[in-house]
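Student: Could we go through this structure together? I'd like to know what stands behind the labels people use.

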Amino acid sequence: MNNQISKKTIWLVGDSTVCSFNDAYLYPRYGYGTQLFNYFNDNVNIQNLAISGRSSKSFIKEKSYLRLKDEIKESDYLIIGFGHNDEKYDDNTRFTSALYDENEKESFAYYLLNYYVKLALEKKAIPILCTPVARANKNNDYTSFCAHITENGDYRNRIITLALKYDITCIDLTKQTVSLYEKIGYDNAVYFHARKLSSLNTVDTTHLNYFGAKMVAYIFANELSKSNCSLKNYLLEERKEPTIKTDFISNPNFVEMKYEPLDLEKYIPKTFAQFKSKGWYGTAFGDTIKPPISNEAGFIAKEEDNHFIVGQKGKTYGKIALDSDGLAFVFRQIHKNDKFVLSAKCKIKEINTFSQSGFGIMLRDDIYVEQEKPNNLIISNYVCSGAILCGDKCKILYCRENALRIDEPNFAEIFGVDDEIKLYISSTGQTITTRFVYKGINYEKVYYDFDLFSIDTEYCYVGFYATRGIVIDVIDVNFEITGKTLGA
């Protein structure tokens with residue numbers, strides 16, 4: 001007789017409070033889905049498909065959702081953890097309203113029921129709905145946004161109502177985290193949350209750290225044990241509560257960068273000319289071999305007849321490499337709470353087909369001016385509506401995250417002198433959209449929850465760049481602050 005118990009698969013879908021991360025923070029982000037394994041026995045297999053920045057609406061367009069549809073099977077469990085990003089009413093790709101029930105198409109309840117609960121039930125799997133984790137509030141006020149109560153509905157109550165109506169297990173993480181935070185106060189609640197730098201001013205009040213993720217997973221397990229859900233049979237009988245002494249763990253590889261944001265109102269450039277267009281500045285920095293502010297380095301960042309001329313001419317100083325950058329940049333400073341749009345046309349004035357040449361619009365974490373030393377490995381986070389020359393083709397759209405350059409699998413012909421390209425980038429805080437149009441082909445990439453405030457915690461910088469034998473003429477520039485961000 002075979003008494004071996006077959007493993008049960010637990011699937012998780014959700015947002016940044018559930019998923020895994022790869023942060024360079026002092027106290028990196030962790031979703032509670034990464035820590036559930038601590039409280040279950042060996043007879044479960046946990047598959048965490050959650051993705052940062054997604055809502056119940058946007059997640060269904062991801063490959064992870066297609067995988068879920070293909071692989072979830074009878075007797076599996078599906079833990080559903082959405083809410084944070086469904087609240088983003090300024091983003092139509094993610095927003096769903098909690099004012100209405102599941103009979104209203106496009107509502108929060110509609111998506112939860114039709115794309116997750118019904119999927120599980122049709123596959124004879126068991127759905128579990130979770131209310132979203134609370135955001136830590138400095139004033140200990142959990143009567144509105146931080147407890148997911150908004151002008152577009154109460155997201156916690158909508159989940160609970162749906163679960164009751166369809167007799168589905170609901171784990172009320174909102175109630176439990178609010179209760180915990182009210183009890184211990186904000187000064188202690190921050191220890192559950194991600195922190196970019198040593199300063200408490202850099203605490204991320206939405207995203208959990210390792211300690212916080214483990215605590216929420218512990219809360220989940222305890223609430224599950226009180227339910228009628230059969231998944232509770234796979235919990236460990238003895239579950240140890242995480243403690244600050246054992247589980248408040250910092251990143252052992254963290255290096256605090258010494259960086260002071262520029263006071264651009266007082267900045268008077270010594271090398272690059274003062275711009276006539278208010279708010280715009282020119283610089284060159286990074287891995288450039290020659291000091292980028294020297295004339296022999298050939299970097300250009302200037303305004304000429306209402307056009308911006310930017311790039312590097314002559315010898316090939318600068319680069320867009322896998323492990324470092326050196327470039328000329330015409331830029332402006334953006335406050336972290338501002339949404340914006342920047343678009344323009346650029347015309348190639350000069351080009352030499354060298355590997356690691358590049359140009360476009362860049363939105364980055366930090367800025368450096370009057371850099372006198374070459375070979376500085378400035379590898380900050382950024383996203384680009386841009387191109388990199390690679391052999392006899394160009395890669396279109398890329399970013400740098402956690403020091404690694406990440407390219408999209410888009411290729412185009414090499415550009416020639418006088419070719420024109422349309423560039424576009426916009427940010428709503430959590431969502432960054434990049435667009436690059438060349439010879440009638442539109443290349444586009446959307447980034448969610450992309451961190452641009454690890455080094456300069458108050459500002460990011462957007463503008464036009466070119467390097468390594470490329471000079472561009474930027475025309476028809478349109479920049480607009482479109483509002484204030486909603487926060488994470």
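Tutor: Sure, and let's start with Tyr 267, which is buried at a relative accessible area of 11%. A quick note first: this is a predicted model, where local features need pLDDT of at least 70 and side-chain atom pairs pLDDT 80 or more, while totals for chains, interfaces and linings use all residues. Residues are numbered from 1 along each chain as its sequence is written, and side-chain values use heavy atoms, leaving out hydrogens and water.

Student: Why is Tyr 267 called buried?

Tutor: Buried means under 20% relative accessible area, exposed means over 50%, and partly exposed is in between (1.4 Å probe, protein chains only). Tyr 267 has 11%, so buried is the word. Tyr 281 has 10%, so the label is buried there too.

Student: What makes Tyr 267 and Tyr 281 a tilted pair?

Tutor: Rings of Phe, Tyr and Trp (its six-membered ring) pair if their centres lie within 6.5 Å; planes under 30 degrees apart are stacked, over 60 edge-to-face, and the rest tilted. Here the centres are 6.0 Å apart and the planes are at 50 degrees, so the pair counts as tilted. Tyr 267 sits in the loop between helix 7 and strand 10, and Tyr 281 in strand 10, 14 residues apart. Helices (H or I, at least four residues) and strands (E, at least two) are DSSP runs, numbered from the N terminus.

Student: Which residues share a ring cluster with these two?

Tutor: The cluster linked by ring pairs includes Tyr 259, Phe 285 and Phe 329 along with Tyr 267 and Tyr 281.

Student: How do you know that strand 10 and strand 14 pair?

Tutor: Two strands pair if DSSP finds at least two bridges between them. Strand 10 and strand 14 have six bridges, in the antiparallel sense, so they pair. One example is Ala 284, whose bridge partner in strand 14 is Ala 328. Strand 10 is also mostly covered, with six of its six residues buried.

Student: What makes Arg 135 a charge over the ring of Phe 145?

Tutor: The rule asks for NZ of Lys or CZ of Arg within 6 Å of the ring centre and within 35 degrees of the ring normal. Arg 135 lies over the face of Phe 145 at 3.9 Å from the ring centre. Likewise, the charged end of Arg 435 sits over the ring of Tyr 424, 4.2 Å from its centre.
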